Amino acid sequence: MVKRLRERQGRHARPSVRGRRSRLLGVVSLTVAATLLAVPVGSASADPKPSLQDLADQVEKMHTDIETLAEQYNGQREKLKTARKAAEAAQKTLATSEADLAAKRAKAVALAQNAYITGGLSRALTFTSAEDPEKFLDQAATTYALEQQQGEEVTQLLKAMDAAERARAGAKTRIEEVEKLVSDIDTKRDKITKLVTKIESNLFQRALGEAGRPGTRATRVNLPVPGDGKAAAAARWALTQQLKPYVWGAEGPSSYDCSGLVMAAYRQVGIALPHYTGSQWTSGRHIDRSELRAGDLVFFYNDLHHVGIYLGGGMMVHAPRTGDVVRIAAIEGRPYAGAVRIAD
């Protein structure tokens, strides 16, 4: 009786173990399925689309990159002007050295030929072999003088050869410097052109419009500029260029970049400035912000890649960036770096 009861209990127990296993597998299957459904297909490779704000921020960065590269480009152009002048001077020095060398070589050859013909002073000077001892001494003295002159000419020839070689090496170095600068300029020009093309693409233009980037339409402002000196006169002239477009590397008369506008304005009052913010920064006296007056140059960013002309009242006139025009703007809210007084 007990045995039959245990067998009956065993038969009922085995199906319950299989049932638990089935239920456990069901739970695992549901968990795996839920996990697979929760992970989107291809999530490891798909990139989220940038928002309009992200695109607009990219444009702002590209504008900064363009202006930075543009001023580096301007700086290389200034170096190129200097290098080309040095190369021209080196070529002139080389031509002079080579002409001098040719003249000295011809003279040395003539003296050498004379020494060969006369036999120099290697023969013994004896009176016995001469019919006229006095005439013989005159000839000997002349030959000796020629030999002495020949020695001096040889020395001069060697110096001329050395000078010509140094001039040739100098000219080669200057030419290589010019070629490298031209290559650097071409590289920067290509980079800027690509960035400008990208900024002007339909994608970024639409993104900027839809993102509603802050900005105001430029209008001509007739702002009185106090002062009678050259600096104030330069500022007044810069105001007449309002609404002309920003073009990187331009220095007028129909378009400007930031340092090009500054250079053109001061050129109007008889002051020559280089077309490069880095050089304009060192072209005058550095002044404190509290000392600012009309005509002073105001610089922005740590690398000084932007410059404007101060007008007074916290305002400046400047050529801002690609797609913009020469306009008046406040200096507040910008990464101010310092100011330079070019003239009174």
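**Contacts of H305, salt bridges of helix α3 and the six-stranded sheet**

The side chain of H305 forms a polar contact of 3.2 Å with the side chain of T68. The model examined here is predicted. A polar contact also links the side chain of H305 to that of D303, at 2.7 Å. H305 is located in the loop that runs between β2 (297-300) and β3 (306-312). With a relative accessibility of 4%, H305 is classed as buried, because the limit for that class is under 20%. Leaving aside residues up to four places away in sequence, H305 touches T64, E67, T68, E71, C258, T277 and F300. T68 is thus named both among these contacts and as a polar partner of the H305 side chain.

The strands on either side of this loop belong to an open sheet of six strands. The strand order is β1-β6-β2-β3-β4-β5, and the pairing is antiparallel. β1 (285-287) and β5 (327-330) are the edge strands; each has a single partner, so one side of each has no neighbour in the sheet. On average, neighbouring strands are turned by 40 degrees against each other, direction ignored. In general, the strands of a sheet pair through backbone hydrogen bonds, in either a parallel or an antiparallel manner. Between β2 and β6 (residues 336-341), which run antiparallel, there are four bridges. V298 has A339 of β6 as its bridge partner.

Two helices that pack on the sheet were examined. Helix α5 (residues 230-239) packs on the sheet and touches β3, β4 (315-318) and β5. The direction of α5 makes about 105 degrees with that of β3. Helix α6 (residues 258-267) also packs on the sheet, in contact with β2, β3 and β4. For α6, the angle to the direction of β3 is about 50 degrees. Both helices therefore touch β3 and β4, whereas β5 is listed for α5 and β2 for α6. C258, one of the residues touched by H305, falls within the residue range of α6.

Salt bridges were also examined. Side chains of opposite charge can pair when their charged atoms come close. The count for the model is 13 salt bridges; among them are pairs in helix α3 (residues 133-199). R166 and D162 are joined side chain to side chain by a salt bridge with an N to O distance of 3.1 Å. R166 and D162 are four residues apart in α3, which means a separation of about one helical turn. R166 is exposed, at 55% relative accessibility, while D162 is partly exposed, at 40%.

Further along the helix, K180 forms a salt bridge with D184, and the closest N and O atoms are 3.0 Å apart. K180 and D184 are likewise four residues apart in α3, so about one helical turn lies between them. K180 counts as exposed because its relative accessibility is 54%, the cut-off for that class being over 50%.

D186 and R189 form another salt bridge, with 2.6 Å between the closest N and O atoms. Both residues lie in α3, three residues apart, or about one turn of the helix. D186 is partly exposed at 32% relative accessibility, and R189 is partly exposed at 31%.

How values were computed:
Residues numbered from 1 in each chain as written. Predicted model: local features only at pLDDT ≥ 70, side-chain atom pairs only at ≥ 80, totals over all residues. Heavy atoms only, no water. Buried < 20%, exposed > 50% of the residue type's maximum accessible area, 1.4 Å probe, protein only. Polar contact = N/O pair within 3.5 Å; in protein donor to acceptor, adjacent residues only side chain to side chain. Contact = heavy atoms within 4.5 Å. Salt bridge = Lys/Arg side-chain N within 4 Å of Asp/Glu carboxyl O. Pairing = 2+ DSSP bridges. Axes fitted to C-alpha atoms, helices over the stretch in contact; angles between N-to-C directions.
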